Protein chains: 4
Amino acid sequence: MIISMKLHSTPSEIEEVCQRIRDFNYKIHTIEGEERVVIAAIGVGDTTACLESLEAMPQVERAVRISAPYKFVSREFKKEKTAIRVNGCEVGGSEFVVMAGPCSVENEKQIMESAYAVAEAGAKVLRGGAFKPRTSPYDFQGMEVDGLKLLRKAKEATGLAIVTEVMSDRDVELVAEYADILQIGARNMQNFALLKRLGAAGKPVMLKRGLSSTIKELLMSAEYIVAHGNKDVMLCERGIRTFETITRNTCDIVAVPVLQELTHLPVVLDPSHATGKRNLVPALSRAAVAIGADALIVETHPCPEKAISDGAQSLHLPTFRQMMSDLVPYLELWKQSRLAETPVAV
Amino acid sequence: MIISMKLHSTPSEIEEVCQRIRDFNYKIHTIEGEERVVIAAIGVGDTTACLESLEAMPQVERAVRISAPYKFVSREFKKEKTAIRVNGCEVGGSEFVVMAGPCSVENEKQIMESAYAVAEAGAKVLRGGAFKPRTSPYDFQGMEVDGLKLLRKAKEATGLAIVTEVMSDRDVELVAEYADILQIGARNMQNFALLKRLGAAGKPVMLKRGLSSTIKELLMSAEYIVAHGNKDVMLCERGIRTFETITRNTCDIVAVPVLQELTHLPVVLDPSHATGKRNLVPALSRAAVAIGADALIVETHPCPEKAISDGAQSLHLPTFRQMMSDLVPYLELWKQSRLAETPVAV
Amino acid sequence: MIISMKLHSTPSEIEEVCQRIRDFNYKIHTIEGEERVVIAAIGVGDTTACLESLEAMPQVERAVRISAPYKFVSREFKKEKTAIRVNGCEVGGSEFVVMAGPCSVENEKQIMESAYAVAEAGAKVLRGGAFKPRTSPYDFQGMEVDGLKLLRKAKEATGLAIVTEVMSDRDVELVAEYADILQIGARNMQNFALLKRLGAAGKPVMLKRGLSSTIKELLMSAEYIVAHGNKDVMLCERGIRTFETITRNTCDIVAVPVLQELTHLPVVLDPSHATGKRNLVPALSRAAVAIGADALIVETHPCPEKAISDGAQSLHLPTFRQMMSDLVPYLELWKQSRLAETPVAV
Amino acid sequence: MIISMKLHSTPSEIEEVCQRIRDFNYKIHTIEGEERVVIAAIGVGDTTACLESLEAMPQVERAVRISAPYKFVSREFKKEKTAIRVNGCEVGGSEFVVMAGPCSVENEKQIMESAYAVAEAGAKVLRGGAFKPRTSPYDFQGMEVDGLKLLRKAKEATGLAIVTEVMSDRDVELVAEYADILQIGARNMQNFALLKRLGAAGKPVMLKRGLSSTIKELLMSAEYIVAHGNKDVMLCERGIRTFETITRNTCDIVAVPVLQELTHLPVVLDPSHATGKRNLVPALSRAAVAIGADALIVETHPCPEKAISDGAQSLHLPTFRQMMSDLVPYLELWKQSRLAETPVAV
């Protein structure tokens with residue numbers, strides 16, 4: 001930690017700060033500048049508590065953390081990329097993975113038709129919501145357990161893995177029975193009760209970045225899950241809220257290489273929520289492959305015009321098939337650059 | 001709803017849109033502009049589903065809702081302000097209410113000392129967290145049930161009502177046993193599983209605005225609670241995230257009169273989280289009274305420098321006492337203007 | 001400056017950084033932490049250039065400035081508040097100043113009627129735009145010199161001072177001939193060519209905060225003007241851009257006390273642009289007085305429904321009169337607290 | 001325009017609104033909903049003035065524009081993409097264009113070395129600032145005319161075109177003498193005095209998106225330049241301000257296809273300012289090509305560690321060469337998809 005004192009602090013005010021730092025078991029280096037005194041605190045301890053305590057002192061101008069507040073998810077802790085095995089494929093490994101399917105599970109016909117089509121086009125994972133977070137209490141809230149059962153049926157028929165959302169710590173066990181990947185929605189990225197429970201879920205988790213969360217906050221939420229016992233976490237960039245309103249969100253595509261530098265966890269990109277408009281999905285998917293994401297999660301629907309939710313951003317199944325075929329040369333380049341990658345040296 | 005067609009839409013494309021609207025049981029008015037056709041859909045129905053369906057059609061340029069998506073919380077539904085009775089006082093009534101106390105319940109001495117001091121200074125409600133949402137899994141997570149018991153003890157000793165946070169739908173019943181007001185934190189504003197469960201909590205709720213949520217989204221979350229059976233909801237402006245970093249958040253103080261125009265629910269302002277710095281709390285508290293908030297919730301601590309959390313924004317108890325005394329003339333003016341208020345005509 | 005090295009930097013990499021710092025004439029303190037080396041650079045020099053140079057080195061993790069990058073505008077440079085004399089009144093002095101008038105000067109009748117009315121209600125300064133920054137090239141761009149002449153006429157008739165906008169360094173001299181205060185609009189806060197020219201304008205400047213600018217950036221722009229020779233700068237909080245759309249902007253009211261702590265310059269609040277809706281202006285004006293602003297700038301119009309610009313946020317003249325009268329008890333409290341103010345000790 | 005009346009508006013209040021609309025020469029369609037009256041105004045006129053006038057009326061809930069406020073820059077006005085000829089190459093044509101060079105022109109050796117290297121690596125345009133917008137008045141402000149002369153020298157030696165910034169309407173003619181493309185920086189995107197003057201510059205303009213500007217605002221600023229007589233405008237996405245601080249800005253890469261749908265003007269992407277970190281530039285450049293941008297503008301420096309500005313985001317010349325070579329297969333795919341493009345039908 002670096003603690004910068006207010007101008008004209010007295011020696012006794014400075015000593016009071018030093019003593020507080022020592023109480024937290026850090027060592028001290030005092031630096032006398034032309035204008036003000038700066039204190040460096042070195043060691044290992046409860047940094048957050050110490051920082052809060054120091055910032056509460058009137059003579060302290062600013063107290064900042066130097067080292068990252070997360071540990072298990074960092075590249076410094078683990079150099080090799082984490083590849084997460086999901087039903088026979090690997091997210092974060094040597095193959096690019098595409099997840100696809102409707103926003104919500106609506107009925108058997110819709111989900112089965114979706115599953116067959118996306119499997120045939122090359123997807124390895126089927127998405128579909130059974131529990132739906134909706135802004136309005138009057139909107140469709142999902143088929144719940146019946147939806148989970150339909151997803152299982154689709155898995156049995158097609159061999160696809162299943163990714164589906166869990167919204168409450170109360171439902172983690174239930175959803176984990178049916179799903180291969182537990183999805184945590186953007187609005188629950190800091191639902192800490194839920195994050196803790198995921199530690200014991202026994203299934204991989206896909207954690208979506210919050211609407212206005214920073215990359216560091218996303219990593220801290222992943223750290224919650226790992227620290228509570230589940231190391232199979234993939235991160236998902238799905239667009240953040242900005243002033244732009246033409247698109248539903250703004251895709252922070254550079255978060256992909258930034259995350260890959262900071263963490264060993266795989267990074268998924270969701271071009272559907274990131275744009276909110278189906279005609280933008282293929283172009284953004286190309287860019288996601290080119291920038292080196294590990295996977296895509298894409299909304300598709302047999303008839304988007306009749307979808308209960310997210311119709312405007314869902315691809316028609318033939319368009320999805322076309323997109324998958326157009327991605328092929330980009331996936332070739334992706335593979336070459338993955339192979340060429342020298343072991344990370346951060 | 002107003003649906004604006006793309007330029008050069010053909011008559012059959014337009015008719016297809018009209019038919020879709022009729023399928024949702026709305027009546028249609030078609031308006032032929034110089035450049036494009038605009039369709040007005042009139043009636044009562046599942047507006048969200050209809051809008052999503054229309055936006056998914058390629059010939060539709062834009063589909064917008066005209067009427068508000070919330071109902072029970074609106075001034076149009078209920079003209080008179082809602083006053084919520086809490087342990088002998090009223091939030092939203094003819095008296096300004098001050099809630100105060102530490103960020104976290106830390107131990108018996110700390111919470112009892114806080115309770116006596118804030119009661120003596122004029123607060124009617126004691127705040128104190130037993131379940132703490134923390135960005136890092138390594139930070140103090142709260143005393144949980146033991147904290148709740150200490151809050152009950154403080155209530156018995158001082159007569160103060162208790163406001164404390166609940167973080168999971170799993171804990172609603174437990175916390176409702178001890179608390180007079182259930183606080184929902186900013187990060188849980190759209191934890192819909194939790195909002196639904198609050199409908200049956202049997203205790204008033206204080207719902208904090210999310211870090212980057214709009215006023216409309218805050219009202220939609222309140223609508224969740226009311227629609228599920230609990231009409232005693234107070235809203236809390238606690239600052240939103242902006243690019244400014246000198247303060248912890250940016251207080252959207254104008255949200256107070258805006259909310260009072262749109263809803264009958266009481267509005268609380270939290271000057272501690274809104275600023276993050278204790279020296280700014282008294283000035284913002286004055287402004288909150290002047291602009292017509294119904295209540296304040298303020299962080300105090302017997303020794304902020306040793307607080308486990310939020311020390312930098314917690315007032316020392318003597319400063320809180322001074323602030324309460326400095327507020328007196330502003331509270332006089334508040335009362336006069338509250339009395340002078342003509343019944344709302346929106 | 002504090003420079004934090006990447007993990008596992010070699011001694012020669014560290015020495016290379018130290019040498020770079022010495023080349024900029026700073027002294028060095030090296031701190032060896034458990035995990036990484038941190039370097040403190042002490043002294044006076046070209047900090048920006050040095051920081052940029054260090055951040056360009058691959059072995060540097062982060063380089064941060066400790067001291068503020070502005071000087072003349074800081075409270076550390078000048079403890080006493082700056083009071084700016086304008087045509088017989090003082091902004092930043094012992095009297096609260098109200099500036100009022102229309103968005104644009106439209107014609108003689110409109111500006112004269114406005115001037116008489118706001119003067120009678122107690123305003124000391126007349127606002128009115130002759131050069132108008134408009135988002136669209138097809139909107140009214142202002143009466144330019146003819147508008148300036150009408151403002152002069154209004155000044156001669158009423159004794160009010162004049163505040164009006166200047167949009168280009170090319171027009172500074174011209175506008176300075178007519179205006180008592182040169183207004184710099186939010187979109188020009190970082191028009192550095194204009195800021196430099198204001199240094200020699202010979203008239204006070206009111207600098208509005210940019211739409212998404214931080215407080216520090218506002219102070220840096222003020223520093224430009226002062227460093228180029230004009231020390232009479234007042235700062236104006238006029239709302240910032242956030243995700244909220246019900247109001248035109250979001251008023252960062254806490255910027256008022258924050259600025260008063262960081263700078264000696266007076267702070268004006270613009271409740272009209274901050275809200276965009278006239279019915280919110282009186283409440284925000286009360287709050288601005290309560291929080292301790294030095295002045296208000298308010299849009300009024302003889303007939304807002306026919307205003308060429310900003311009609312929705314302009315007060316009818318009788319409403320303005322009523323607001324001024326309702327402010328009286330708040331202004332009394334303002335005065336008491338201004339008198340009670342102990343000399344600042346930051 | 002669509003005008004939504006407040007609930008319970010009286011017939012005479014509605015008629016008053018209708019009359020106002022007719023005064024602006026629009027035709028009227030009144031739609032009586034279950035809850036409220038909605039009015040559609042059809043025709044061609046001064047929409048902004050009319051909207052502002054209507055929003056100023058107390059009985060109006062909301063007044064919204066249906067058609068886009070820009071004209072000349074829209075795809076509806078001109079279907080074919082605009083290709084801008086610059087010194088023998090075309091931006092927006094069938095070849096992808098790379099612009100590269102240092103942030104600032106610092107001296108002859110630096111700019112000549114840069115020019116030779118980027119030309120050899122395949123760039124067609126040399127960038128380099130002679131007038132520099134800097135946040136602090138104490139930072140290097142550019143070599144001004146001497147810098148322009150060095151750029152001309154570099155052009156003569158290498159045949160590269162020159163892009164350089166102009167900061168004031170006062171300097172447009174001067175800079176236009178030396179530059180092939182006039183760059184307008186993000187902070188000047190809404191410097192309307194400057195935009196107007198560019199109309200007569202006689203040279204193409206590269207307009208950078210403002211730090212927190214929307215795509216629509218960017219198009220409105222481009223409309224200013226075209227409406228004042230200069231149709232050769234290219235738009236530049238260079239990252240917007242968000243809450244993320246690891247990168248300097250957040251690249252809104254989806255703005256590229258969005259702009260290409262809305263406008264016929266070419267779109268340039270600046271990966272250097274969008275990230276602020278040189279190690280992220282190659283990945284983002286690949287993504288920019290994959291998503292279909294027309295050009296890149298990249299910062300390079302012979303010795304970034306000694307650059308006066310933007311060193312951290314400048315590529316070393318060998319890295320730039322490597323990046324250009326790695327882009328080759330992506331540029332192949334770019335070309336194929338450009339050739340395959342069917343004429344736009346929006």
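**Notebook: helix 10 contact, chain relation and domains**

I looked up the contact of the two helices and found that A:A283, A:L284, A:R286, A:A287, A:A290 and A:I291 in helix 10 of chain A meet D:A283, D:L284, D:R286, D:A287, D:A290 and D:I291 in helix 10 of chain D (contact: C-beta atoms, placed from the backbone, within 7 Å; helices: DSSP runs of H or I, at least four residues, numbered from the N terminus). I sorted the residues of this contact into ten nonpolar, no polar and two charged (Ala, Val, Leu, Ile, Met, Phe, Trp, Tyr, Cys and Pro count as nonpolar, Asp, Glu, Lys and Arg as charged, the others, Gly among them, as polar).

I note that the model is predicted: local features need pLDDT of at least 70, side-chain atom pairs count only at pLDDT 80 or more, and totals for chains, interfaces and linings use all residues. Residues are numbered from 1 along each chain as its sequence is written, and chains are lettered from A and ligands numbered from 1 in the order in which they are written.

I then looked up the geometry. The axes of helix 10 (residues 281–291) of chain A and of chain D come within 8 Å and cross at roughly 150° (axes: lines fitted to C-alpha atoms over the stretch in contact; angles from 0 to 180 degrees between N-to-C directions). The two helices are therefore roughly antiparallel (angles over 145 degrees).

For the copies, I found that a turn of 180° and a shift of 0.0 Å along the axis lay chain A on chain B with an RMSD of 0.1 Å (least squares on C-alpha atoms of residues with pLDDT of at least 70 in both). That is the relation of a two-fold axis.

Lastly, I recorded that chain A is divided into domain 1 (2–64) and domain 2 (84–340), with bounds from an automatic or database domain assignment. Their centres, taken over C-alpha atoms, are separated by 44 Å.

Methods. Parallel < 35°, antiparallel > 145°, perpendicular 65-115°, else oblique.
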